[in-house]
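Me: I would like to go through a structure by question and answer. Please keep each reply short and let it end on the value or name I ask for.

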Amino acid sequence: MKPSETDNDNAIAAQVKQLIAQMTLEEKVGQMVQIDFSVIGDTNPAHQACPIDRAKLDNAINHYHVGSILNTPHTPDNKAQSVATWCKITEEVRRAAAQSRLKIPVIYGIDAIHGATYSQGATLFPQAISMAATFNPKLSEQEGEITAREIRVSGLPWNFSPVMDIGRQPLWPRLWETYGEDVHLASTLGAAFIKGHQGDDFSAPDKAATCLKHFVGYSFPINGKDRTPAWISERMLREYFLPSFEAGIKAGSPTIMINSSEVDGIPGHANHHYLTTILRDEMGFKGFTVSDWEDIIRLYTRDKMAASPREAVKIAVMAGVDMSMVPLDFSFYDLLLDLAKAGEVPMTRIDEAVSRILTVKVQTGLFKPDHQPLPAENNFATPAAQAINLQAAHEAIILAKNDHAVLPLQKSAKVLVTGPTANLLSALNGGWTITWQGDNESLYPKDKLTVLAALQQKSPGNITYVPGSGFDSEIDIANAVSAAKNQDVILLCLGEKPYTETMGNIDNLDLPAAQTKLAQALLATGKPVVLLMLGGRPRIITPIAEQAAGVVLGFLPGMEGGRAIADVLLGDYNPNGKLPITYPRHPNGITLYDYKPIESLDSNSYKPLYPFGHGLSYTSFATSGLAVAKPKIKMGESVDVTVNVKNTGKLAGQETVLLYLQDLAASVTRPNKQLKAFKKVPLAAGESQQLRFTLTPHDLSFIGVDLKRVVEAGEFEVKVGDEAVKFAVVE
Ligand code: BGC
């Protein structure tokens with residue numbers, strides 16, 4: 001008989017309790033320490049096949065008893081390693097831990113952000129913003145499944161992903177790491193990713209633990225710069241920023257990384273209210289929390305909250321941080337040991353943190369004697385994984401404008417391809433690709449296709465390429481203009497170079513001058529221009545988009561993005577991606593789709609260039625017959641909604657039907673609409689289908705006057721396409 005979940009939990013609790021009883025204070029404190037690979041690394045180029053310094057590893061494990069290691073080797077330049085090297089590294093770490101006094105395994109964590117970032121040749125998916133554009137939870141689940149398998153091939157059991165922050169600040173240089181501005185979409189796709197990554201049991205050889213990040217409020221810096229303050233009221237926090245983490249916890253993610261910055265004047269790592277009262281007491285999270293990079297010491301060095309590094313450790317641990325990503329030395333170990341000996345951090349708190357860490361280690365299967373890397377064969381960058389990646393890239397591409405059906409291009413069309421994103425794989429992938437910043441083009445795989453290469457392959461002899469401009473500087477704009485003369489159409493590829501974190505800070509969403517100049521010069525030729533945008537944020541393209549015949553928004557579609565874009569441009573794939581964010585018209589026009597009624601009094605309110613959910617197809621769709629099953633429901637009941645969707649065009653395609661809800665009168669002002677459900681369906685030309693949705697009491701709820709979730713009696717309006725229908729909730 002299969003042991004029940006409770007039997008299993010009890011067995012794990014007993015195993016952990018027994019271990020705790022045998023551990024010294026030093027061994028316990030060590031479990032709470034996470035070090036960077038560089039602390040045990042060997043920089044001698046002759047040792048690159050397994051760049052571990054055994055003496056340093058021995059010191060880390062047997063003297064400092066470290067619980068965790070993170071990151072890719074720093075030799076020579078923090079880049080992806082071969083699977084063979086990874087297997088040697090993780091095996092060496094496993095062996096060293098197995099020889100320690102209590103044989104407690106080390107949990108190795110890695111940023112596998114859109115696939116196994118740091119494993120050479122891995123399947124690298126569209127980034128989260130582009131996965132969100134697919135509106136396809138199944139693809140997110142498959143991405144999770146493939147990513148888990150590809151890190152486990154390297155012996156890596158723990159992934160610092162998914163980002164569950166909500167992307168409501170378009171300047172923020174990590175917007176693209178989120179699933180966009182909507183709570184329901186992000187919760188759905190994040191939960192699906194976790195399901196695929198962990199299955200029912202993440203100790204299975206092809207599954208791995210996930211880490212929700214960055215708890216909480218990190219994504220909403222008021223000035224748009226990374227790691228700067230957010231001011232989020234408790235109501236807003238509960239309405240917009242906590243639900244995706246709740247969904248991630250419900251999906252079973254066992255670890256959470258903490259917000260590197262601060263909210264309402266309290267640094268994430270010092271916020272007892274968030275880390276303990278909300279996360280543990282209210283949300284019932286049972287796993288462990290890990291700090292972000294160096295963020296405990298920063299309570300002293302940066303935030304001037306602690307008067308000393310020692311006080312910083314005390315504040316963080318007492319607030320609820322269980323593991324410290326120190327990560328470049330052992331200072332946290334020395335300081336916490338001292339605090340514990342002085343009784344300033346009670347043993348109960350240390351036992352609590354260590355029990356959580358050990359529990360996750362057991363759940364991850366690390367104590368199993370046969371815990372080995374998964375064989376690479378049939379598990380790493382398989383043709384099946386590549387095919388799913390291509391499907392994800394296809395579904396991520398958003399056709400935003402298509403005047404006079406300029407797209408798809410005729411197969412015989414003569415096309416001038418120009419602009420800084422045309423011929424770079426890095427522009428398709430963004431940060432966390434092979435390296436942290438993802439910007440080392442020379443390290444990218446030689447067998448993947450840029451947009452230009454994919455077009456050349458599909459339409460040999462018809463493609464002319466002139467660089468035109470770089471990201472920030474002009475190259476040969478005059479050549480691009482003269483080359484345009486002999487072409488039927490211009491594909492103008494603009495956007496952003498790769499970045500993440502503070503390196504991606506900008507002051508303004510406008511496109512750099514060189515790119516604008518290239519665009520203006522080409523638009524002036526009178527040839528039809530199709531604008532392709534790649535990059536992590538919605539850079540302002542309004543004047544260009546208004547004059548261009550076509551606009552394609554690619555964001556960061558990953559390693560298969562070049563092929564996917566070429567397929568869309570040449571009509572071999574019918575686009576169906578939809579915007580997971582509002583695309584602003586002006587740099588400061590950042591009203592989001594779920595604006596409040598008060599924001600629509602001014603005629604300039606929600607007039608983005610393209611609204612949330614926008615995305616065209618080469619066919620057309622119409623929804624009709626929106627109906628609710630009952631005009632009145634009792635408090636606590638659910639209500640069914642039906643709507644028909646029809647492919648009214650001449651081509652097969654996929655359409656995502658978005659269902660929004662508005663509470664028509666409430667004691668706290670409510671958004672004009674909020675996404676509550678969506679369904680993506682394939683439809684042949686002329687085909688129609690009835691879709692059924694269920695709105696639950698949770699869908700009708702909001703954060704009330706007393707900061708508690710509440711459903712209020714009264715009228716609600718369901719909106720799908722051009723239709724709206726009301727129902728009432730009665731006491
Ligand atoms: C980032 C995290 C990441 C961590 C470990 C930090 O700088 O904020 O998202 O997981 O580094 O690499």
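What follows is a set of questions and replies on this predicted model.

Me: How many residues surround the ligand, and which are the closest?
Reply: The shell around the ligand divides by class into six nonpolar, one polar and six charged residues. The shell holds 13 residues, and the closest are Asp111, Arg174, His214, Asp292 and Glu501.

Me: How far is an oxygen atom of the ligand from an N or O atom in the side chain of Arg227?
Reply: Polar contacts are counted within 3.5 Å. A ligand oxygen lies 2.5 Å from a side-chain N or O atom of Asp111, and for Asp292 the distance is 2.6 Å. For the side chain of Arg227 the distance is 2.9 Å.

Me: What percentage of the area that the ligand exposes when taken alone does the protein bury?
Reply: The ligand has oxygen contacts to side chains including that of Asp292, at 2.6 Å. Taken alone, the ligand exposes 310 Å², and the share of this that the protein buries is 94%.

Me: Is Lys28 buried or exposed?
Reply: Lys28 sits in helix 2, residues 25-31. Its side chain has a polar contact of 2.9 Å with the side chain of Asp351. The relative accessibility of Lys28 is 8%, and buried means under 20%. Lys28 therefore counts as buried.

Me: Which residue has a side chain joined to that of Asn159 by a polar contact?
Reply: Asn159 belongs to strand 4, residues 158-159. Its relative accessible area is 0%, so Asn159 is buried. The polar contact between the side chains spans 3.2 Å, and the partner of Asn159 is His197.

Me: What distance separates the C-alpha atoms of Ala209 and Leu569?
Reply: Ala209 lies in the loop between helix 7 (183-198) and strand 5 (211-215). Ala209 counts as buried because its relative accessibility is 0%. Along the chain, Ala209 and Leu569 are 360 residues apart, and their C-alpha atoms are separated by 38 Å.

Me: Which residue with positive phi follows helix 10?
Reply: Helix 10 covers residues 272-282, and its buried residues are Tyr274, Leu275, Thr276, Ile278, Leu279 and Arg280. At the start of helix 10, the backbone nitrogen of His273 has a side-chain oxygen of Asn271 within 3.3 Å. After helix 10 comes a residue with a positive phi near 70 degrees, Gly284.

Me: What is the average twist from one strand to the next in the open sheet of three strands?
Reply: The strand order of this open sheet is 17-19-22, and the pairing is antiparallel. Strand 17 (621-628) and strand 22 (688-695) are the edge strands, each paired on one side only. From one strand to the next, the twist averages 20 degrees.

Me: Which residue in strand 22 stands opposite Val645?
Reply: Strand 19, residues 639-647, runs antiparallel to strand 22, and eight bridges join the two. Opposite Val645, strand 22 places Gln689.

Me: Why is strand 21 described as largely enclosed, and which of its residues is the bridge partner of Gly653?
Reply: Strand 21 spans residues 674-683, and eight of its 10 residues are buried, so it is largely enclosed by the rest of the structure. Strand 20, residues 653-663, pairs with strand 21 in the antiparallel sense over nine bridges. The bridge partner of Gly653 in strand 21 is Leu683.

Conventions. Residues numbered from 1 in each chain as written. Predicted model: local features only at pLDDT ≥ 70, side-chain atom pairs only at ≥ 80, totals over all residues. Heavy atoms only, no water. Pairing = 2+ DSSP bridges. Helix = DSSP H or I, 4+ residues; strand = E, 2+ residues; numbered from the N terminus. Axes fitted to C-alpha atoms, helices over the stretch in contact; angles between N-to-C directions. Near = heavy atom within 4 Å. Polar contact = N/O pair within 3.5 Å; in protein donor to acceptor, adjacent residues only side chain to side chain. Areas by Shrake-Rupley, 256 points an atom, 1.4 Å probe, with all protein chains shown as cover. Nonpolar A, V, L, I, M, F, W, Y, C, P; charged D, E, K, R; others polar. Buried < 20%, exposed > 50% of the residue type's maximum accessible area, 1.4 Å probe, protein only.
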